[in-house]
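Let's take a walk through this protein together, from its helix packing to its disulfides. Have the structure open beside you and follow along.

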Amino acid sequence: MHISLKPRLALAGVVLAALSACGGSGNSNGFIPFIPSPAPAPAPPAPPPPATPGSMDVKLIAFNDLHGNLEPPKLSISAPAKNGGTVAVPAGGAAYLASAIASLKARNENNAVVSAGDMIGASPLVSALFLDEPTIEAVNEMKIDFNAVGNHEFDKGQTELLRMKNGGCAKNTPLEPCRVNKAFPGANFGFLAANTVKTDGTTLFPATGMKTFTKDGATVKVAFIGMTLKGTPSIVTPAGVAGLSFKDEADTANALIPQLKAQGADAIVVVVHEGGTTTVGYNDKSCAGLSGDILPILDKLDASVDVVISGHTHRSYICDYGKTNPAKPFLLTSAGQYGTLLTDINLTIDTRTRKVTAKSADNVIVQGEAYTSGANTIALTDQYPAFGKNQQVAALISQYLSIAAPLVQRVVGTLSGPATRTQTASRESVLGNLIADAQLDATSASNKGGAQIAFMNPGGVRADLVPAGDGSVTYGQIFSVQPFGNSLVVKTMTGAQIKAVLEQQFNSGTNTIASPRVLLPSRSLTYGYSLSAPAGSRISNMALNGTAMADGTSYRVTMNSFLATGGDNFTVFNQGTDTLGGDQDVDALEAYIKANSPLAPPATNRITVLP
């Protein structure tokens, strides 16, 4: 049956009309229809979270053996030239070193800067005269992270070393502290000394440091184990290391690695003040001829170590040690000496496996300014990058130089020729003998000790003494020769004890037949030695001013304060009696040159080498 829709449509029209009539009235009882708002547009899909990087690159920047060389040390690096051969590149200077560090840092914000020891000690006058405070302040400006202390950090004793780290003006040496900066702040970077242990079993400074790096939600940690060579007590004034013991380097590092791994370390870096030598030149990574005291350490180290940053030998090298010992795949580096080089080390760390997957290094020459040495000028070269001066460091050095200048430039006397450290066949040197003569003169008067013999240790002679054209030598020069601030000591020793000391030149600690450490004698003493003779009977023909010496006779002997307490393994000096302290060694040298100007450098005929 068909039903019409017309009545329904008509009814709908009446209802709509009525609603329209009501909608605009102010009647509170009016009915307002619900009209749904339009549906919102769908939100755009959220961007996916950034992918966590699978690896992260970390840059390590390293140097070693700065030895307070704030001014350019007038040294060059012989580097490959672009067209074959080599080019001499002038290198060094703390203001340029600071700029070079900043330049490398700018290449990767994930970086750490470390020093492998001997930052201070055996320093040029502008640093040493002020107890190395200027060097600490200059390195503060470089914003480094850690310094693994070396043997020379202990030259003035552990109390003074603690002042270098912590600041303050306590007087621990004959020199006055804080003569320029009355609020010496100490180091703003960490000192590490993992194998330097006090009597209570704790380390003098923290054993390790850790640095954390982040990138796009990923985090990696690099741990640093810092230490000096275990042989430090034999090459430092014993008083300077009293109450300290120096543990085996590899054993120390290996014991710390599990703790560092537990703390989340993804890479392990050993920063050790011990090293080696190679037979290859600048940045040659073949590592040919690698030798030295670092090798036994490397062969004992846990294979999980990634990088070993070394020092002490003042030699530069980059070695893939895995080619030498496949079981020990370390990257081994050293940046030479005196701030002339920086090692640029790059690590790639897998953020999932937490392991180093790639590592490489280059030694970067810190080219700063040309210099003249004798008749030769070493010019800047455009074959290698040159760095500008960091102005804060330059201003700091300038301030200390201006205060030191009158003393540095003061003429102390004249020499008729150069006095060098070059060893002769007997292992004497002109300068070593000259210093021994000066120390004998300073202590021969009865009220100064009544000395008859003096000995100088060769390692304490740090620079040649070359007069100017008119023969003059300055205080700055003689300070560079003897920068340690040792005092003279006179002791009574028997002829037998003196002979025993001389025997220790070849048979005491690191003093061996293969590597003897021959003391430089004053003009009053002559003797002979035979390396082929058995231990204990290598010394013969000892004579004092031409008269044979007797075992039972007592003699007055001068040495510096380093030797006086058994330094350089000459422990028999400890047996001397009736000790009398004397002048500073540099003052004795100055007085001797002044009193004898023009001084003729001595001959090297005091020791005879016998078959």
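Contact here means heavy atoms within 4.5 Å. With that in mind, and remembering that this is a predicted model, start with helix H2 (residues 94-105) and helix H8 (residues 391-409). In H2, Ala94, Ala95 and Ala98 meet Val393, Ala394 and Ile397 in H8. By class, this contact of H2 with H8 has six nonpolar residues, no polar ones and no charged ones. The axes of H2 and H8 come within 8 Å and cross at roughly 165°. Angles over 145 degrees count as roughly antiparallel, so H2 and H8 are roughly antiparallel to each other. The crossing of H2 past H8 is right-handed.

Stay with H8 and look for helix H4 (residues 133-142). The axes of H4 and H8 come within 9 Å, crossing at roughly 170°, and H4 and H8 are therefore roughly antiparallel to each other as well. On the H4 side, the contact is made by Glu133, Pro134, Glu137, Ala138 and Glu141, and on the H8 side by Gln392, Val393, Leu396 and Tyr400. The residues of this contact of H4 with H8 divide into five nonpolar, one polar and three charged. If you color by residue, you can pick out Val393 of H8 in the contact with H2 and again in the contact with H4.

Next, the disulfides, of which the structure holds two. Counting bonded cysteines along the chain, they follow the pattern 1-2, 3-4. One disulfide joins cysteine 169 to cysteine 178, with an S to S distance of 2.0 Å. The torsion about this S-S bond of cysteine 169 and cysteine 178 is about -100°, so the disulfide is left-handed. How buried or exposed are its two ends? Cysteine 169 has 35% relative accessibility and counts as partly exposed, whereas cysteine 178, at 3%, counts as buried.

The other disulfide joins cysteine 287 to cysteine 319, with an S to S distance of 1.6 Å. Here the torsion about the S-S bond of cysteine 287 and cysteine 319 is about 70°, so the disulfide is right-handed. This pair links distant parts of the chain, 32 residues apart: cysteine 287 sits in the loop between strand E11 (267-273) and helix H7 (294-300), and cysteine 319 lies in strand E13 (residues 316-320). Cysteine 287 is buried, with a relative accessible area of 8%, and cysteine 319 is buried too, with 1%.

Now move further along the chain, to serine 429. You will find serine 429 in the loop between strand E19 (411-414) and helix H9 (430-443). At 5% relative accessibility, serine 429 counts as buried. Which residues does serine 429 contact, leaving aside its neighbours within four places in sequence? They are Thr420, Arg421, Thr422, Leu520 and Thr604.

Finish at helix H13 (residues 585-595). Its buried residues are Asp585, Val586, Ala588, Leu589, Glu590, Tyr592 and Ile593. What do these buried residues of H13 pack against? Their partners include E19 and H9, the two elements on either side of the loop that holds serine 429. The buried residues of H13 also pack against strand E21 (472-474), helix H10 (475-481), strand E22 (487-494) and strand E28 (577-584).

Note on methods. Residues numbered from 1 in each chain as written. Predicted model: local features only at pLDDT ≥ 70, side-chain atom pairs only at ≥ 80, totals over all residues. Heavy atoms only, no water. Disulfide = S-S within 2.5 Å. Buried < 20%, exposed > 50% of the residue type's maximum accessible area, 1.4 Å probe, protein only. Helix = DSSP H or I, 4+ residues; strand = E, 2+ residues; numbered from the N terminus. Axes fitted to C-alpha atoms, helices over the stretch in contact; angles between N-to-C directions. Parallel < 35°, antiparallel > 145°, perpendicular 65-115°, else oblique. Left-handed = near helix turned anticlockwise from the far one by under 90°. Nonpolar A, V, L, I, M, F, W, Y, C, P; charged D, E, K, R; others polar.
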